[in-house]
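Let's walk through this structure together, one layer at a time. Have the viewer ready so that you can follow along.

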Amino acid sequence: MARSSSGIVAGLTVAALAAVGFLAFQASANVPDTLGDKPSVSVPAKSSAPKAPKAPKAKKDPNALPAPSGTGVRVVYSLGADRVWLVGAGGKVKRTFAVTPGTVDPAAGTYAVTSRTGSAPGSDGTQIEHIVRFTLSDGIAIGFSAAVNGSTEAPDPEKKLGGIRSSRADGDAMWAFATVGAKVVVVR
């Protein structure tokens, strides 16, 4: 009888293992994909209620005054953004506008307007107006100006030019704002 009872036990064991294997297979087919991602965290049942849309991330305003740009009344020129801000009393931006830089950039730092010229030919031969100079870099005068013909084209990269060009309207605003001695802050 020992032989027949061991056969029965072996047969029952095989049947039990087969049943457990079958049930395990069925259970794995119904497991959510997220189960097991975070140990010891229960996965909530899926709700049929619609999810609220996520609030869009606030985009940084490209026209916003750069944070590290000094204090007081000043002209702020961003080398990276090719943009100028005219900042009045109380840190209030009076005007901002895009500019076309020359081929020679000033170093980041604080300067003062050193000279102004109403009208003259630019280093590139273009007639310019409202020239507001604030520094030299490698012997090249760096300043803001506007082409009389309204052009704001990129300068010839083969020439060393320090003119930072704006539209005529923006040049008028710079001329009225930045008198000799006015603070100019150049940021990256």
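What follows goes from the sheet to the helix on it, and then to the nonpolar cores and the aromatic rings.

Please keep in mind that this is a predicted model. A good place to start is the open sheet, where 5 strands run in the order β3-β2-β1-β9-β4 with mixed pairing. The edges belong to β3 and β4 (109-112); each has a single partner strand, so one side of each has no neighbour in the sheet. On average, neighbouring strands here are turned by 20° against each other, direction ignored. At the β4 edge, the pairing with β9 (residues 183-187) is antiparallel and spans 4 bridges. If you want one of these contacts to look at, tyrosine 111 has valine 184 in β9 as its bridge partner. Helix α2 packs on this sheet, where it touches β1, β2 and β3, and its direction makes about 140° with that of β3.

Now turn to the helix itself. Which residues of α2 (residues 168-177) are buried? They are Asp170, Gly171, Ala173, Met174 and Phe177. Viewed down the axis of α2, these buried residues fall within an arc of 160°, so they line one face of the helix. The spacing has a simple background: an α-helix has 3.6 residues a turn, so residues three or four places apart point the same way. The cover over the buried residues of α2 includes β1 (74-78), β2 (83-87) and β3 (93-98), along with β6 (127-137), β7 (140-147) and β8 (163-166).

Met174 leads us on to the largest nonpolar core, which has 23 residues; Val75, Val84, Phe144 and Met174 touch the most other members. Two or more residues come from each of β1, β2, β6, β7, α2 and β9. Take valine 84 as a guide: leaving aside residues up to four places away in sequence, its contacts include Val75, Phe97, Phe144 and Met174. There is also a second, separate core of 5 residues, among them Trp85, Val87, Val185 and Val187.

Finally, look at the rings. A search of the whole structure gives 3 aromatic pairs. One of them is stacked: phenylalanine 134 and phenylalanine 144 lie 5.2 Å apart centre to centre, with 25° between the planes. Phenylalanine 134 sits in strand β6 and phenylalanine 144 in strand β7, so the pair ties together parts that are 10 residues apart in sequence. Both phenylalanine 134 and phenylalanine 144 are buried. Ring pairs also bring tyrosines into the picture, linking Tyr77, Tyr111, Phe134 and Phe144 into a cluster.

Note on methods: Residues are numbered from 1 along each chain as its sequence is written. This is a predicted model: local features need pLDDT of at least 70, side-chain atom pairs count only at pLDDT 80 or more; totals for chains, interfaces and linings use all residues. Side-chain values use heavy atoms; hydrogens and water are left out. Buried means under 20% relative accessible area, exposed over 50%, partly exposed in between (1.4 Å probe, protein chains only). The arc is that of the directions from the helix axis to the C-beta atoms. Contact means heavy atoms within 4.5 Å. Two strands pair if DSSP finds at least two bridges between them. Axes are lines fitted to C-alpha atoms, for helices over the stretch in contact, and angles run from 0 to 180 degrees between N-to-C directions. A nonpolar core is a set of buried Ala, Val, Leu, Ile, Met, Phe, Trp, Tyr and Cys residues joined through side-chain atoms within 4.5 Å. Rings of Phe, Tyr and Trp (its six-membered ring) pair if their centres lie within 6.5 Å; planes under 30 degrees apart count as stacked, over 60 as edge-to-face and the rest as tilted.
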